[in-house]
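Colleague: I should like a close look at one part of this model, the place where its chains meet. Please describe that part in detail and then relate it to the rest of the structure.

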Amino acid sequence: MWQRFTLYDIRVIGHYLGMLVLFSALLMVVPFVTAIIFGEWEPASRYLWSLGIALLLGSALRFCRIHPGRLNRQQALAVVGFAWIVLGINCSIPLYYSGHYATFWDALFDAVSGITTTGASLIVDLDHLSYADNMFRFMMHLLGGLGVIVVALSLGIFGKRASSSLFTSEARSEHVVPNIIQSTYFIARLTGAFIGVSTVVVGILMIVVGIEPARAILQSFWVCVSGFVTGGFTPMQQSIFYYHAFSIECVLILLMLLGSISFVVYSEILRGRIGQFFRDIETHTALIWLGAMTVVFTASLATSPLFSDMLTMLRRGIFMIISVFTTTGFSVITNNQLTTVMTSGAFLSLAVIMAVGGCAGSTSGGIKFSRVGIIAKSIVSTIKEAISPDSASVVITFNHIGRRILSASIVKEAMTIFTLYVVTYMIGALVGIAHGYDAQNAIFESVAMTSNGGLTTGLATSGMPLSLEIFYIFQMWAGRLEFITLLALAVQIVVSVLPRRIPRDLEKRIRS
Amino acid sequence: MQKTRAEIVSSIKTGAKTISLLILSLLCFILFLDVIMVVIRFVVGLAN
């Protein structure tokens, strides 16, 4: 029987949702302070009243229930599912009033793209956006990349009532350490360390390239946040292409790769167990998959005039491959070059690489290497069973933080998520095609939205059809939460709204 | 449980060593993709 939401559930969900909205107010303090420092008074007032709206809404929601109990799994799913919608709407308010968006939906698209670390943007005249608004865009990336719940838990927003259901509902099935709060501390500390070091390095490189120091430090912080959380927003319209600096591209390539590694693997590495990384199923899958896709990509690209000389091909090709597989969405070629100069084979290869994505438990999106590896192992297991004697029992193992036996439940979980991703990619492509767009671009765009890759062909742009825009918002949200949270929430809402059905035998007894 | 100074220094050293090794392996991975590209480009060039 499907579980319904009771009034008590709704009040508890409201309370926790309120806490998250109050927490999002904290997020707006950073751009507010940035605006004050740089003397941007219009953005400062905008963030101040947006902060006020968040505080009011959050406090009102918290009053739904003063003393909530511990969250159960059903309530946790609803809190996480709703939180990503409410935060999206809340974050879109200051963005919309910046004057850089044609409609409120465009601002909502950017807010959802920011917190889901997709990186696609419908902003107009990005190059002249204020420092405060830019800071806010990258703060959304940071919050979404780490996970709204992870950040909230690590800051103690949920106090000691922190529930592991909240953590797992946000597409984080693996605990770095057994304690949830310690796991979130670890994720936050590691991210801080990587972003801090890379900001200094990229900042120096930007100053060397000729950008003035204050701007260089800010821009390096923003691109490093975006690179490590595999987001894709950049402070300039031309993405990383704007800098024309090979040294900056090299650091960002490394940062994107570091961002695509699972936090669980990091915890093993920091304990000195580097061997775990080399034995992991994800590392093996990444090596085989990306090796094979690079062959296809290069063979197709070799005929393109843009990549006629070897060094240009290596520089741009490697950057693009790493940018799409980590689902970051940084680009060193223009949109026009992506769709017209690049061959259709290379273009579709990038879409396929983006569809699979990076490692589970990292900040990257897509199907994930672990699932692809598990499905491949399952195929091997089926073949082995077919050719082995009836009396033999086939046991397949794989390495992912220790040796594990490939069980039916692991394969089922991987297959379910894989199928949901593929179906969403297909439906998204069909929706794009139905809006009259070229099939190739529609497929690429659908994959970019669902996998949170964010590399756009120019189809997602200001003035796009509203129905398509709403569908892309839905795809970004569903892809970030890996479908299960979203589907469970949708089913529970439908079941709770539908009138109760009385069993037939009971109905007969009442009538008689 | 409080860690002693020596333990903290030792864990930082281990972490730094393994992270450097990780970065080195990622650079090797980039080199691996580069080699594939060069080889395939050469093969396609020959075929044409």
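Modeller: The model is a predicted one, and the description begins with the contact between its chains. Chain B and chain A bury an area of about 2,400 Å² between them, and carbon and sulfur atoms give 87% of this area. Among the residues of chain B, Leu22(B), Met37(B) and Arg41(B) supply 28% of what that chain buries against chain A, more than any other three residues. The contact is made up of 34 residues from chain A and 21 residues from chain B. On the side of chain B that touches chain A, 15 residues are nonpolar, 4 are polar and 2 are charged. The rule for salt bridges finds 0 of them across this interface, and the count of residue pairs in polar contact between the two chains is 1, with both residues at pLDDT 80 or more.

Chain B itself has 1 helix and 0 strands. Its C-alpha trace spans about 65 × 15 × 5 Å along the principal axes. Of the 48 residues in chain B, 31% are buried.

The interface leads on to the nonpolar interior. The largest nonpolar core has 133 residues, and those that touch the most other members are Tyr243(A), Tyr266(A), Phe319(A), Ile322(A), Leu338(A), Met342(A) and Leu22(B). Helix H1 of chain A, residues 7-37, gives the most to this core, with 12 residues. Leu22(B) thus belongs to two lists: it is among the three residues that supply 28% of the area buried by chain B against chain A, and it is among the core residues that touch the most other members. Ile322(A) has partners in both chains: leaving out residues up to four places away in sequence, it touches Ile253(A), Met256(A) and Leu257(A) as well as Ile30(B) and Leu33(B). A second core, separate from the largest, has 15 residues, including Val112(A), Met464(A), Phe471(A) and Tyr472(A).

Helix H14 of chain A, residues 310-325, is followed by a loop that runs to helix H15, residues 335-341, and Thr327(A) lies in this loop. Thr327(A) has a positive phi near 55 degrees although it is a residue other than glycine. Most residues other than glycine have a negative phi. Thr327(A) counts as buried because its relative accessible area is 1%, below the cut-off of 20%. Thr117(A) also has a positive phi, of about 55 degrees, and is not a glycine. Thr117(A) is placed in the loop between helix H4 (104-115) and helix H5 (131-146) of chain A, and its relative accessibility of 2% makes it buried.

Polar and charged residues are also found buried in chain A. Ser300(A), in helix H13 (residues 281-301), is buried at 17% relative accessibility. A polar atom of its side chain lies 2.9 Å from the backbone nitrogen of Ala346(A). Beyond its neighbours up to four places away in sequence, Ser300(A) touches Thr343(A), Gly345(A) and Ala346(A). Ser381(A), in helix H17 (residues 369-387), is buried at 12%, and it touches Val394(A), Ile396(A) and Leu406(A), with residues up to four places away in sequence not counted.

Although the interface has 0 salt bridges by the rule, the count over all chains comes to 8. One of them joins the side chains of Glu268(A) and Arg273(A) at 2.9 Å, N to O. Glu268(A), in helix H11 (residues 263-270), is buried at 7% relative accessibility, whereas Arg273(A) is partly exposed at 42%. Glu268(A) is also in contact with Gln276(A) and Ile401(A); Ile401(A) is 133 residues away in sequence, with 7.8 Å from C-alpha to C-alpha. Another salt bridge joins Glu482(A) to Lys368(A), with the closest N and O atoms 2.6 Å apart. This pair links distant parts of the chain, 114 residues apart: Glu482(A) is in the loop between helices H20 and H21, and Lys368(A) is in the loop between helices H16 and H17. Both Glu482(A) and Lys368(A) are buried. With Arg371(A) and Glu413(A), these two residues are linked in a network of salt bridges.

How values were computed: Residues are numbered from 1 along each chain as its sequence is written. Chains are lettered from A and ligands numbered from 1 in the order in which they are written. This is a predicted model: local features need pLDDT of at least 70, side-chain atom pairs count only at pLDDT 80 or more; totals for chains, interfaces and linings use all residues. Side-chain values use heavy atoms; hydrogens and water are left out. A nonpolar core is a set of buried Ala, Val, Leu, Ile, Met, Phe, Trp, Tyr and Cys residues joined through side-chain atoms within 4.5 Å. Buried means under 20% relative accessible area, exposed over 50%, partly exposed in between (1.4 Å probe, protein chains only). Helices (H or I, at least four residues) and strands (E, at least two) are DSSP runs, numbered from the N terminus. Contact means heavy atoms within 4.5 Å. Buried area is the accessible area (1.4 Å probe) that two parts lose on being put together, summed over both. A salt bridge is a side-chain nitrogen of Lys or Arg within 4 Å of a carboxyl oxygen of Asp or Glu. A polar contact is a pair of N or O atoms within 3.5 Å; within protein, one must be able to donate a hydrogen and the other to accept it, and residues adjacent in sequence count only if both atoms are side-chain atoms. Ala, Val, Leu, Ile, Met, Phe, Trp, Tyr, Cys and Pro count as nonpolar, Asp, Glu, Lys and Arg as charged, and the others, Gly among them, as polar.
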